[in-house]
Amino acid sequence: RPEDREQTEAEIRKAHVICIIYAIDDSNTFNRLSLYWLPYIRSLGVNVPVVLVGNKIDLRGNDVANQGLEDEVIPIMNEFKEVETCVECSARQLLNVSEVFYFAQKAVLHPTAPLYDSREHILKPQCVEALKRIFKLCDTDKDDILSDNELNEFQRKCFNAPLQPQELEGVKEVVREHEPNGVVETGLTESGFIFLHSLFIQRGRLETTWTVLRKFGYGDDLDLREDYLLPFYEQNSLEIPLECSVELSPLGYQFFTELFQTFDKDKDGALNRLELDSLFNTSPGNPWANTGFPHTTITTETGSVTLQGWLAQW
């Protein structure tokens, strides 16, 4: 109703997911999905997942299934990529009502909008940057390729299970078919890794990409979570008595030494500016950027940070 338009718009703008209900016995309500409601939601600048819900399936009698539902809905989903799915139900007989809430909840828990531009059919820039960071973190030997071993470590970290050899080959074959530069002899490239996640999303497997993003510390806004960046402070477990100090453990020294050696690409025993930038590329930034670093520690004559100077900073 015209008098409800202002409230309707306000509720739509606040929504994380929108369910549009139509009556299966009234073709006009179905036609208005693509002729009125979906364009109207777009006109408000809202880009959230939409679930189409056909109500009153009890009117079909004993045969409540609609074999032609897919054919009816596919043209709408092709035109309006924000439509996640379509489900039919009966509010009177409580048929499939729980499924309506399941699909709506899934759309909220694994939302499309932060990851994918449904209108342009591409991953959003912030999602691409997050996936690039994850790729670099998983590329432990820093050769810009994910080898089979690195892919399996990634798989274990995110899904607690490695891929079988035939599964690995299957993944690479899919990438090779659609993204020629996505696979090389030694493994998966960054563009191939990003293509895979674009494919997951296009096929409705958003939970896969969201699992990966959350495992690597990202929140729903695709910013790194506070508890991921500062886990000790978050848990109040780094309380240091006044008479005590903090030192690196032997494992800590080993970790930072190996990190230094990994990013010392020219093997000159020091980290130059480019190597330092590369090292901090996957972090929120250089923690000493405002302290005069690297002039505050031990460097070579050319200003590159030595291993001793690097460890001293920590």
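**View 1. Asn 55 and its contacts in this predicted model.** Set aside the neighbours within four places in sequence, and Asn 55 is in contact with Ile 21, Tyr 22, Ala 23 and Ile 24, plus Cys 89, Ser 90 and Ala 91. Asn 55 sits in strand β2, which runs over residues 50–55. With a relative accessibility of 18%, Asn 55 counts as buried, since the cut-off is under 20%. Look for the polar atom of the Asn 55 side chain that lies 3.1 Å from the backbone nitrogen of Ala 91.

**View 2. Helices α6 and α9 packed at about 90 degrees.** Here α6 (residues 148–159) meets α9 (residues 206–215), and the two axes are 9 Å apart. That angle makes α6 and α9 roughly perpendicular to each other. On the α6 side the contact is made by Phe 154, Lys 157, Cys 158 and Phe 159, and on the α9 side by Thr 208, Thr 211, Val 212 and Lys 215.

**View 3. Cys 138 and Cys 158, two cysteines without a bond.** Each has the other's sulfur as its closest cysteine sulfur, but at 6.5 Å the pair is too far apart for a bond. A disulfide would need the sulfur atoms within 2.5 Å, and by that rule the count comes to 0 disulfides. Both residues are tucked away: Cys 138 is buried at 9% relative accessible area, and Cys 158 is buried at 5%.

**View 4. Two loop residues with positive phi, Asp 144 and Asn 160.** Most residues other than glycine have a negative phi. Asp 144 goes the other way, with phi near 65 degrees; it lies in the loop between α5 (125–138) and α6. Asn 160 has phi near 60 degrees and belongs to the loop between α6 and α7 (165–178). Asp 144 is exposed at 57% relative accessibility, and Asn 160 is exposed too, at 67%.

**View 5. The cis peptide bond from Phe 293 to Pro 294.** Omega is near 10 degrees for this bond. Pro 294 is in the loop between α13 (273–279) and β9 (305–306).

**View 6. The two spans annotated as EF-hand domain in UniProt.** The annotation comes from an unreviewed entry and covers residues 126–161 and 251–286. In residues 126–161 the end C-alpha atoms lie 28 Å apart, and the span is 69% helix and 0% strand. For residues 251–286 the end C-alpha atoms are 22 Å apart, with 56% helix and 6% strand.

Notes: Residues numbered from 1 in each chain as written. Predicted model: local features only at pLDDT ≥ 70, side-chain atom pairs only at ≥ 80, totals over all residues. Heavy atoms only, no water. Helix = DSSP H or I, 4+ residues; strand = E, 2+ residues; numbered from the N terminus. Buried < 20%, exposed > 50% of the residue type's maximum accessible area, 1.4 Å probe, protein only. Polar contact = N/O pair within 3.5 Å; in protein donor to acceptor, adjacent residues only side chain to side chain. Contact = heavy atoms within 4.5 Å. UniProt positions renumbered as here; feature names shortened; annotations may be inferred. Axes fitted to C-alpha atoms, helices over the stretch in contact; angles between N-to-C directions. Parallel < 35°, antiparallel > 145°, perpendicular 65-115°, else oblique.
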